[in-house]
Amino acid sequence: MSLLVRATAFVFADPRSRQLHELIERIAPSEATVLITGETGTGKELIARHVHGLSGRAEQTFVAINCGAFSETLVESELFGYEKGAFTGAQQGKPGWFETASGGTLFLDEIGDLPLAMQVKLLRVLQEREVVRLGARRAIPIDVRLIAATNVDLAEAVRAGRFREDLYYRLQVIGLPLRPLRERPGDIMPLTRHFMAIYAQRLHLGEVELGPEAQQALLAYPWPGNIRELENVIHRALLVCRSGVVRAEDLSLSGWHRAPVPASTPIPVPVPDAWAGGADIAYAAHGAAGQDDLLAAERFARAWQALLDSGEAVEFEAMQQALVRAAWERNERNQVRTAKHLNLSRNILRTFLKKAGAID
């Protein structure tokens, strides 16, 4: 079973993830139904387990079910149970997952895959707080907190007639939107360290380090498979790395190549907002071409050293955003040219521009 599924530590550190954590702490003690939305692999089940762990049901059962794993003919009996003789082969009765989770939390993943007929029955269960087993006439009271998750845009599914509007609003008493990993880069390294520590222990590797180029690659990669992909990448890297050091080539990141940096070109360094009006910093942030490269690098180095000597706290994220915005303005707000100027992918550039409030 994936470590992502079984993880109990909330290791996210990005500011947006911390805001989500604060919201979870507020809503977890309630009994309200929760709908978690996000792309595949973003950690929806981990969030569901975290909600359960902070709730008054933490000592009770947590049951996780993937709605897409059952055929349309089986999903009702799996969720609600069945009586002996309810169908061919039913030699004895069996409780469904709602009964099994009674007293605790039931997590229904990929709820957008439920057939419309089952959506009607699920709505009734949520309203009446009782289930009727397949082939039975007597209702069974249940005490379950429901957490649902989907990678489908349910609002669009409602408009298209694939999802019931009344069930949608019933589920979304509390909505927890989970952003893709590429939009919360501050989570990449904490998650990397988390997976490295666990897999190093499982593989009996002792202490394993992450090389600087490997860290650069992890931060630059857009992570289309989100946290699940990151976990698998780290697992593989620890299997193939040598001498206790994970290098960029050990990660085997598809489509990522480290671009060579000419010796005469200064490596981009973030600029704090507080320096936006300084001539030296503005000049360095905008860059200089040809014979001016060295002068720009020297100016930048002096300004950077002045910040360190001042003893002020270095707000690294704010400096990144300031540099990106300066480069964006320098390139007449053209994203393609700005991405090339900063040696970033366009997806990564858009992530920084959104965080800086430059684009929606």
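At 18% relative accessibility, E76 counts as buried, because the cut-off for that label is under 20%. In this predicted model, E76 is also half of a salt bridge: its partner is K121, and the closest N and O atoms of the two are 2.9 Å apart. E76 sits in helix α4 (residues 75-80) and K121 in helix α6 (residues 116-128), so the bridge ties together parts that are 45 residues apart in sequence. K121 itself is partly exposed, with a relative accessible area of 37%.

The count for the model comes to 11 salt bridges. Another one of them joins the side chains of R57 and D143, with N and O at 2.6 Å. This pair, too, links distant parts of the chain, since its members are 86 residues apart. R57 belongs to the loop between α3 and β2 (62-66), while D143 belongs to the loop between β7 (139-141) and β8. R57 counts as buried, at 7% relative accessibility, whereas D143 counts as partly exposed, at 39%.

For a bridge inside a single helix, there is R159 with E156, whose side chains meet at 3.0 Å, N to O. Both are in helix α7 (residues 154-159), and because they are 3 residues apart there, about one helical turn separates them. R159 is exposed, with a relative accessible area of 61%, and E156 counts as partly exposed, at 34%. Elsewhere, salt bridges that share partners join E31, R57 and D143 into one network.

Next comes R145, which has its place in strand β8. R145 is a charged residue that is buried yet has no salt bridge. The nearest side chain of opposite charge is E31, at 5.5 Å; a salt bridge needs the nitrogen and oxygen within 4 Å, so this pair does not qualify. What the side chain of R145 does reach is the backbone oxygen of I27, at 3.3 Å. Leaving aside neighbours within four places in sequence, R145 is in contact with a whole list of residues, among them I27, A28, S30, E31 and A32. R57, a member of the network just described, is also on the contact list of R145, and so are V34, V51, S55, G104, T105 and L106.

I27 leads on to helix α2 (residues 15-27), where I27 is one of the buried residues. The helix has 13 residues and reaches 19 Å from its first C-alpha to its last, close to the 18 Å expected at 1.5 Å a residue. Along with I27, the buried residues of α2 are S17, L20, H21 and I24. These residues are on the same side of α2, because they cover an arc of only 130 degrees around the axis. And what do the buried residues of α2 pack against? Their partners are β1 (34-37), α3 (44-53), β8 (145-150) and β9 (174-177). On the face turned away from this buried side, α2 carries the exposed residues Q19 and R26. The N-terminal end of α2 has a cap as well: a side-chain oxygen of D14 lies 3.1 Å from the backbone nitrogen of R16.

Definitions and conventions: Residues are numbered from 1 along each chain as its sequence is written. This is a predicted model: local features need pLDDT of at least 70, side-chain atom pairs count only at pLDDT 80 or more; totals for chains, interfaces and linings use all residues. Side-chain values use heavy atoms; hydrogens and water are left out. Helices (H or I, at least four residues) and strands (E, at least two) are DSSP runs, numbered from the N terminus. The expected span of a helix is 1.5 Å times one less than its number of residues. Buried means under 20% relative accessible area, exposed over 50%, partly exposed in between (1.4 Å probe, protein chains only). The arc is that of the directions from the helix axis to the C-beta atoms. Contact means heavy atoms within 4.5 Å. A polar contact is a pair of N or O atoms within 3.5 Å; within protein, one must be able to donate a hydrogen and the other to accept it, and residues adjacent in sequence count only if both atoms are side-chain atoms. Lys and Arg count as positive and Asp and Glu as negative; His and the chain ends are not counted.
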